[in-house]
Amino acid sequence: MDNQYDILYQESLMESQNFWEKQAKKIHWFSFPENILTTDEDGMHRWYKGGKMNTSYLALDYHVLHGRGQQIAMYYDSPVTNTKSSYTYSQMLDEVSRFAGVLKQKGITKGDRVVIYMPMVPQAVFAMLACARIGAIHSVVFGGFAAHELTIRINDARPKCILLASGGIEIDKIIPYKPIVDQAIEDAYFKPECCIVLQRDFLTCDMKPGFDEDWNELLATAIPAGYEMMDSWDPLYILYTSGTTGPPKGIVRDNGGHAVALNTSMEYVYGAKPGSTFWAASDIGWVVGHSYIVYAPLIRGCTTILYEGKPIKTPDPGAFWRVIEEYGVNTFFTAPTAIRAIKKEDFSGEFYKKYNTDSLKHLFLAGERTDVATYEWAVNLLQKPIIDHWWQTESGYPMLTNFAGIQLHNTKPGSAGKPMFGFDIRVLNQDHDEMLPGEEGAILIKTPLPPGCLPGLWNDNERFVSSYLQEYPGYYFSGDGGYKDDEGYIYITGRIDDVINVAGHRLSTSSMEEIVASHSAVAECAVVGCHDELKGQVPVAFVVLKQNSDISDDTIREELIFSVRHTIGAVASFKIVHIVDRLPKTRSGKILRKIIRAIVDNVPYQVPSTIEDITVLDEIKWKINQQ
Ligand code: COA
Ligand code: AMP
């Protein structure tokens, strides 16, 4: 073993309890766990049984008590509203304690669920931390999702209360949130007891008397609330994410393992020292936002940035570099699609040159694979280490990465690096045999998963087992494919299920298919992901119409696009619909989606001998060429 990474990684696998006990000692516990690793009543692995702590305390109170009260905890920068503000750790603690008081006053207690449907405003962060403070379980829903998606989450999480803002701004377009929430509640069979509404200056919404409460009015008379003593295993949040089939999966995150894992990642992966400035340009509606806008930077005593804007058009492709200069960002994290958007608008880096980005040490990318062209463009421009790292909502932090906090081994373009501590990552074929270097297979992780990874799905243990643990016993099935090279670097090649990644947003093609199939003129359909220069992937639908349908192709296209936008949300970027005579199928009638995917992406495929009629493929190819 020749370097610190190898030593630590081997220890994390061979002496995992010892390794994770040492990491646990780096955060503050009211009572240190009785066990490092054990199993729960369902036989699932669980970390840090009996530990007493509070995540909001770790993020705020601890730092105020240890001399960071006057340090800026969070900058808020909103080019879309032309607003900037900052909060010290003491001010954040005050805001969070008072909002925790509001929640308590509304009868919300430990274990109750609270749905948060808000744009990137400081109150959304206060709300998450306020829930954590009193032990309520938050479930943030991304603002780009439509009412129907919100309804699904309300029915599953059964929140006592919904927190929302009157609206958000997408570049220059005002998005009213209140009608979406009203519709979602009307359609849900589970009814929350109240809504707390943050009225924004640019948009005031109507309030339902006796049900909607004004955020600031409640805050004005709130009594600050103290922190609840939480058990390590108590859930901190539920975050819904797309699965292959069925409704979104409610990923549960516990308190103890999450805090330890995030702190460990800040030290070793990001090399982020307490007091440094850490910026994840994501959205609190996604796991990156949960982990690296809110919890990790604050637990680590860093300064975080809440940016309500885009990489381009707010106002120009220099937006990110402006923020980096203005706040002296040391570690920056964004999605490859954002870099591609900047590259497209400022290829020669004219906007980049306007700013001083000397403070920046590393750029981390995740959400989708960083393509080599984007990687090389960014390295040339920034002349700094650019680190692609792989993770999922389920893990909550990187599973493959390079390590800025220890010696940084070579980054290899196209690879997401080596396994994070505690992740024993294997590439297996369908017979569960390990693949040789360079051979592609399914990416699996040997259980137990390390601390911080999902202990289960909300109220659905059976689905947890069937989705992740059943197919390859003894392993967690990631849903991604890839290969290892002979130095142990892993390359993620993409999903091997029906999940697609659109501008870093994880979406299910089967849920789009369901919507398309429900149109009265549609006989059958297939929706697959198609490579897109900017967004990585976009959905493409192939639709066969019913024989007697007299609807025009243009009308059906418009109606299907409207339906998906209206049901899932604009974020699905569902814009391409091909009307075809037939879909490729096996003789038993199964649609050959894998082949459609390959044709769409122009990659080689094997035609199965069971195909009903091979000539069907010609029409698909022709349509793609016309696209
Ligand atoms: N609320 C409401 N609508 C939203 C939204 C939100 N929070 N986020 C996106 N949308 C809408 C957009 O307005 C757009 O609507 P339109 O079809 O009416 O124009 C649609 O959803 C698609 O948005 P988006 O995917 O953002 O595409 P875009 O073309 O507007 O912008 C990028 C392209 C690359 C600039 C943008 O996707 C981006 O900044 N990506 C980074 C994503 C990211 O950070 N992901 C983090 C995951 S780690
Ligand atoms: P999400 O749960 O929304 O974070 O999406 C997780 C999925 O995004 C993973 O299963 C991958 O398919 C993809 N993904 C995330 N990061 C990377 C990366 N660095 N390289 C390749 N794919 C990635």
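## Notebook: two ligands, one sheet and a few unusual bonds

**Entry 1: around ligand 1.** I began with the neighbours of ligand 1 and found 22 residues around it, of which Lys173, Lys310, Pro311, Lys535 and Arg565 come nearest. A reminder to myself: this is a predicted model, and I am reading computed values throughout.

Which side chains have an N or O atom by an oxygen of ligand 1? I looked up glutamate 170, where a side-chain N or O atom is 3.2 Å from an oxygen atom of the ligand. I then looked up lysine 310, where the distance from a side-chain N or O atom to an oxygen atom of ligand 1 is 3.1 Å. The backbone takes part in the picture too: a polar backbone atom of valine 571 sits 3.3 Å from an oxygen atom of ligand 1. Next I checked how much of the ligand is covered. On its own, ligand 1 has 950 Å² of accessible area, and the protein covers 84% of that.

I also sorted the shell by residue type. Around ligand 1 I have nine nonpolar residues, seven polar ones and six charged ones. Where in the chain do the shell residues come from? At least three come from domain 1 (4-309 + 389-475), and at least three from domain 2 (499-626).

**Entry 2: around ligand 2.** I moved on to ligand 2 and found 15 residues surrounding it, with Asp388, Thr393, Asp480, Arg495 and Arg506 the closest.

I wrote down three pairs of atoms here. Aspartate 388 has a polar side-chain atom 2.7 Å from a nitrogen atom of ligand 2. Histidine 389 uses its backbone instead, with a polar atom 2.7 Å from a nitrogen atom of the ligand. For arginine 506, an N or O atom of the side chain is 2.6 Å from an oxygen atom of ligand 2. How much of ligand 2 does the protein cover? My note says 93% of the 490 Å² of accessible area that ligand 2 has on its own. The shell of ligand 2 splits into four nonpolar, five polar and six charged residues.

**Entry 3: a sheet.** I traced an open sheet of seven strands, in the order β5-β4-β17-β16-β18-β19-β20, and its pairing is mixed. Why is one side of β5 and of β20 left without a neighbour in the sheet? Both β5 (83-88) and β20 (386-388) stand at the edges with a single partner strand each, so one side of each stays free of a neighbour in the sheet. From one strand to the next, the twist averages 20°.

I then zoomed in on one pair. Strands β16 (residues 277-280) and β17 (residues 303-307) run parallel and are joined by two bridges. If you want to find one of the partners, go to threonine 277, whose bridge partner in β17 is threonine 303.

**Entry 4: the backbone.** A rule of thumb first: most peptide bonds are trans, and most residues other than glycine have a negative phi. I went looking for exceptions.

The loop between β17 and α11 (319-327) holds proline 315. The peptide bond into this proline, from threonine 314, is cis, with omega near 0°. Lysine 313 lies in the loop between β17 and α11 as well, and its phi is positive, near 70°, although the residue is not a glycine.

Where did I find another cis bond? It runs from threonine 447 to proline 448, with omega near 5°. Proline 448 sits in the loop between β24 (441-446) and α14 (461-469).

Definitions and conventions. Residues numbered from 1 in each chain as written. Chains lettered and ligands numbered in written order. Predicted model: local features only at pLDDT ≥ 70, side-chain atom pairs only at ≥ 80, totals over all residues. Heavy atoms only, no water. Near = heavy atom within 4 Å. Polar contact = N/O pair within 3.5 Å; in protein donor to acceptor, adjacent residues only side chain to side chain. Areas by Shrake-Rupley, 256 points an atom, 1.4 Å probe, with all protein chains shown as cover. Nonpolar A, V, L, I, M, F, W, Y, C, P; charged D, E, K, R; others polar. Domains from an automatic or database assignment. Pairing = 2+ DSSP bridges. Helix = DSSP H or I, 4+ residues; strand = E, 2+ residues; numbered from the N terminus. Axes fitted to C-alpha atoms, helices over the stretch in contact; angles between N-to-C directions.
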